[in-house]
Amino acid sequence: LSSVKPLHYYEKHHDHITCLICQHFCQLRPNEVGQCANQKNIGAMLVGITKDKPSAISIDHIENRPFLHFLPGSSVLCIGTVGCNLHCPSCQNHQISQHFNNVEPLFLSPIEIVKLAMDQNIKIISFGYNEPIVYYPYAKEIGLIAKDKGIKLVMQTSGYMSEEIAYDMSSWLDAVHVDLKSFNASYYKNILGAELSVIKENLRILAHSSLWLEITTLLIDDINDSDEELSRIAYFIDEELGAHVPWHLSAFEPYNHMLAHSPTSTASLLNAYEIAKKQGLYHVYFGNVPFLNETYCPSCSALLIPIRDFEIFENNIYQAACPHCNRAIEGVWN
């Protein structure tokens with residue numbers, strides 16, 4: 001896939017086009033919009049109707065994206081549009097991913113996005129808030145301009161892109177964070193509207209590319225917190241992606257259609273942590289709680305990066321290694 005040949009984002013047929021951006025492969029008749037609410041058939045061409053129209057833009061900490069092994073302490077310019085190709089009942093950004101009819105977008109071209117980052121002396125642009133795969137052509141256009149200016153590019157995604165997009169991401173992005181929401185194929189298909197097998201294959205592609213990869217699982221009590229399911233996720237990360245891949249165990253807070261569901265218990269978080277460490281994962285973190293989010297050396301257990309609420313007090317990693325035992329610490333540190 002290439003921004004020079006946008007035709008590769010879709011296929012033409014005699015009475016419709018097929019979008020090739022995500023795994024829904026929506027077949028769009030004239031003037032129809034895909035499930036994502038971003039891609040539309042206009043004149044037998046796939047047109048991103050949210051291009052140049054971000055609905056969310058902010059300056060944030062890289063730790064809140066959430067990357068803990070990619071240029072820690074950096075500020076990032078974060079953007080999003082509207083829409084999504086999944087329909088998670090727990091989505092905390094549902095106002096722009098699912099219920100966005102009254103959202104008033106901004107109007108910023110790719111060049112203007114990059115200029116904004118440069119004006120603020122920000123060296124990283126992050127694509128997220130809603131699912132960035134659904135506005136992938138817009139994101140990539142921003143990314144290619146930013147890359148020429150020495151700006152790094154990161155993305156937080158659910159991972160439900162086409163394989164072609166998964167392979168293409170390493171051509172312009174620097175890091176990707178994937179939300180692995182469950183290891184239950186039925187839950188993915190019937191509740192989230194996706195295929196777990198697709199997520200797993202895309203994770204394999206990303207893990208074996210030049211991209212830096214981190215993973216989050218939002219732990220929801222009585223839904224995806226069983227020992228069996230967590231053990232399978234930990235094993236998958238260890239055996240197929242790499243024990244060095246950071247796994248963020250994020251605490252659920254009631255949002256969207258799950259307001260009546262209880263927040264994740266501390267016991268669930270601690271149990272998941274023990275399962276991950278028993279499997280042998282090197283870097284396991286908590287999200288949405290102010291503890292167990294510090295970076296330690298996997299060999300000598302030295303504290304390398306103390307973190308509290310996304311504020312870094314110090315970074316003790318020296319030349320990408322532990323200063324005490326000289327073990328290489330996986331990540332992007334400068």
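User: Where does Val284 lie?

Analyst: In this predicted model, Val284 lies in strand 13.

User: Why is Val284 called buried?

Analyst: A residue counts as buried when its relative accessible area is under 20%, and since Val284 has a relative accessible area of 6%, it is buried.

User: Which residues does Val284 touch?

Analyst: Leaving out residues up to four places away in sequence, Val284 touches Trp247, Leu249, Tyr273, Ala276, Lys277 and Leu292. His261, which stands 23 residues from Val284 in sequence, is 25 Å from Val284 in space, C-alpha to C-alpha.

User: What makes Ile133 buried?

Analyst: Set against the cut-off of under 20%, the relative accessible area of Ile133 is 0%, and therefore Ile133 is buried. Ile133 is found in the loop between strand 8 (124–127) and helix 3 (136–148). Beyond its neighbours within four places in sequence, Ile133 is in contact with Ile21, Cys22, Met155, Thr157, Met161 and Ile165. The C-alpha atoms of Ile133 and Ile165 are separated by 8.5 Å, although the two residues are 32 apart along the chain.

User: Which residues line the largest cavity?

Analyst: Ile133 is one of the lining residues of the largest cavity, and among the others are Cys19, Ile21, Cys22, His24, Phe25, Cys26, Gly34 and Val134. The largest cavity holds about 90 Å³ of space, and the count of cavities of 30 Å³ or more comes to one.

User: How do the residues of the lining of the largest cavity divide into nonpolar, polar and charged?

Analyst: The lining of the largest cavity has eight nonpolar residues, four polar residues and no charged ones. Cys counts as nonpolar and Gly as polar under the scheme used, so Cys19 and Gly34, both of them in this lining, fall into those two classes respectively.

User: Why does Phe25 count as partly exposed?

Analyst: The middle class lies between the cut-offs of 20% and 50%, and because Phe25 has 32% relative accessibility, it counts as partly exposed. Phe25 is found in the loop between strand 2 (17–19) and strand 3 (27–28), and it has a positive phi of about 45 degrees although it is not a glycine.

User: What makes Asn288 partly exposed?

Analyst: The relative accessible area of Asn288 is 46%, and as the cut-off for exposed is over 50%, Asn288 is therefore partly exposed. Asn288 lies in the loop between strand 13 and strand 14 (295–296), and its phi, near 70 degrees, is a positive value in a residue other than glycine.

User: Ser55 lies in a loop: between which strands?

Analyst: Ser55 is in the loop between strand 5 (45–48) and strand 6 (56–61). With a relative accessible area of 17%, set against the cut-off of under 20%, Ser55 is buried. Residues up to four places away in sequence aside, Ser55 touches Gly80, Thr81, Val82, Ile96, Val103 and Pro105.

User: What is omega for the peptide bond from Arg65 to Pro66?

Analyst: Omega is near -10 degrees, and the peptide bond from Arg65 to Pro66 is cis. The place of Pro66 is in the loop between strand 6 and strand 7 (75–80).

User: Which residues are the closest to the centre of the largest pocket?

Analyst: The largest pocket contains about 1,000 Å³ of space, and of the 47 residues that line this pocket, Gln92, Asn93, Gln156, Asp179 and Thr216 are the closest to its centre. The elements that give two or more residues to the lining of the largest pocket include strand 9 (152–157), helix 5 (185–192) and strand 13 (284–287). The residues of this lining divide into 21 nonpolar, 19 polar and seven charged.

User: How many helices and strands are there in the protein?

Analyst: The protein has eight helices and 17 strands. Its radius of gyration is 20 Å, close to the 20 Å that the globule rule gives for 334 residues, and so the protein is as compact as a globular protein of that length. Of the 334 residues, 53% count as buried, and residues 24 or more positions apart account for 65% of the contacts with a separation of 6 or more.

How values were computed: Residues numbered from 1 in each chain as written. Predicted model: local features only at pLDDT ≥ 70, side-chain atom pairs only at ≥ 80, totals over all residues. Heavy atoms only, no water. 1 Å grid on protein atoms, 1.4 Å probe; cavity = no way out; pocket = protein on both sides within 12 Å on 5 of 7 lines; lining within 4 Å. Points joined across faces, edges and corners; volume = space filled by probe spheres on them. Helix = DSSP H or I, 4+ residues; strand = E, 2+ residues; numbered from the N terminus. Rg over C-alpha atoms; globule rule 2.2 N^0.38 Å. Buried < 20%, exposed > 50% of the residue type's maximum accessible area, 1.4 Å probe, protein only. Contact = heavy atoms within 4.5 Å.
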